[in-house]
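Welcome! Here is a short briefing to help you find your way around a protein model. Keep the structure open while you read.

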Amino acid sequence: MFAAYAARIDPAHPLNGLEVGDRPAPEPRPGWSTVNVKAASLNHHDLWSLRGVGLDEDKLPMILGCDAAGVDEDGNEVVLHSVIGQSGHGVGPHERRTILTEKYQGTFAEQVSVPTWNVLPKPAGLSFAEAACLPTAWLTAYRMLFTNAGVRPGDSVLVQGAGGGVATAAIVLGRAAGLKVFATSRDEAKRKRAVELGAVDALPAGARLPHRVDAVIETVGAATWSHSIKALRPGGTLVISGATSGDRPSHAELTRVFFLELRIVGSTMGTKDELEDLLAFCANTGVRPVIDEVLPLDRAREGFERLEAGDQFGKIVLTV
């Protein structure tokens, strides 16, 4: 079957390890389902995999891709929950949690195999491309906002780095849930787009906000860390799920953290139940993922190049 996969690890130049071509189709196994992929979306996790983060050399070649929507063996339209393990379904009961492409082959292929427990019905109102955006970036944003930040309608939230998949999802979901959303970006066009999607204001990175916020959604890391801490009201919450600019800020702002009794919460992906809730939220409210570009799978490299350059606003989707 045709696939886009990691053939080599190159921390400095990750795209040097990306190949497209034939890979073995998944073999049937008890407790697992094979899904014919219709659409799959890119995440920064795929770039990190090509750098060797979470992916060991002995697992190569590894088909990339965490997210997918498609059709199962019975003809059902489905969405995949990409966190494998710790459920006891289809794997050992004590297997360490992994994301597709760390241990098991991913979704940038004509077919993918996952534990049957990880297969969810796709709402009829969502296209395959839209549904394929949800299981990683949008699920991460959903958990950050509603589980770990614990915000309620009327609360204020700062979303750092408008344009990225998680950040864009947080703006759209926050607006739909009645939050007052602020966003930042170095790019004026991305700031304008953030306002169009529902942010009450979008400011240059590091700019002073009109007032301090109840929560900050942080995926940028070192470059925005100090600003995120300073933007919080006393007792506010910073939720972090990524560090695309690095994980070692020059100033940790520890004095401000303890003096203002701030909460810092790490967040990774989301549960199957949260993905079900997110799918229902989108189906019931009309909220749809923001898609930057749709490309056929054989043009996967173009999508990776755009993701690496940071040129996208929203999700890049590959179709099969």
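The notes below cover the nonpolar cores, the salt bridges and a few backbone details.

Please keep in mind that this is a predicted model. Two separate nonpolar cores are described here, one with 48 residues and a second with 34 residues. The model also has 13 salt bridges, and some of them are picked out below.

**The largest nonpolar core**

- In soluble globular proteins, nonpolar side chains tend to be buried together.
- The largest core in this model holds 48 residues, and the ones with the most contacts inside it are Trp138, Leu173 and Leu278.
- Several helices give at least two residues each to this core: H2 (128-131), H3 (134-148), H4 (165-176) and H8 (272-285).
- Strands E11 (156-159), E12 (180-184) and E14 (213-218) also supply at least two residues each.
- Which helix provides the largest share of this core? That is H3, with eight residues.
- Try selecting Trp138 and looking around it: leaving aside residues up to four places away in sequence, its contacts include Leu173, Leu278, Ala169 and Val172.
- Trp138 also touches Cys133, Gly165, Val287, Arg288, Pro289, Val290 and Lys315.

**The second core**

- A separate core of 34 residues can be found as well, and among its members are Leu18, Ala40, Leu50 and Leu80.

**Salt bridges around Arg306**

- Side chains of opposite charge can pair when their charged atoms come close.
- Arg306 pairs with Asp292 in a salt bridge, with 2.6 Å between the closest N and O atoms.
- Arg306 sits in helix H9 (residues 300-309) and Asp292 in strand E17 (residues 291-296), so this salt bridge ties together parts that are 14 residues apart in sequence.
- Arg306 also meets Glu293 in a salt bridge, at 3.7 Å from N to O.
- This second pair again links helix H9, home of Arg306, with strand E17, where Glu293 lies, and the two residues are 13 apart.
- Together, Asp292, Glu293 and Arg306 are linked in a network of salt bridges.
- Are the members of this network buried or partly exposed? Arg306 is partly exposed at 27% relative accessibility, Asp292 is partly exposed at 24%, and Glu293 is partly exposed at 26%.

**The Glu95 and Lys103 pair**

- Glu95 and Lys103 form another salt bridge, in which the closest N and O atoms are 3.5 Å apart.
- Glu95 counts as buried because its relative accessibility is 14%, under the 20% cut-off.
- Lys103, at 38% relative accessibility, counts as partly exposed.

**Backbone details to look for**

- Where is the peptide bond that is cis? It runs from Leu60 to Pro61, and its omega is near -5°.
- Pro61 belongs to the loop between helix H1 (44-51) and strand E4 (62-63).
- Thr101 has a phi near 90°, a positive value in a residue other than glycine.
- You can find Thr101 in the loop between strand E8 (98-99) and strand E9 (111-115).
- Thr101 is buried, with 0% relative accessibility.
- Met269 has a positive phi too, near 50°, and is likewise a residue other than glycine.
- The loop between strand E16 (263-266) and H8 is where Met269 lies.
- Met269 counts as buried, at 7% relative accessibility.

Notes. Residues numbered from 1 in each chain as written. Predicted model: local features only at pLDDT ≥ 70, side-chain atom pairs only at ≥ 80, totals over all residues. Heavy atoms only, no water. Salt bridge = Lys/Arg side-chain N within 4 Å of Asp/Glu carboxyl O. Buried < 20%, exposed > 50% of the residue type's maximum accessible area, 1.4 Å probe, protein only. Helix = DSSP H or I, 4+ residues; strand = E, 2+ residues; numbered from the N terminus. Core = buried A, V, L, I, M, F, W, Y, C linked by side-chain atoms within 4.5 Å. Contact = heavy atoms within 4.5 Å.
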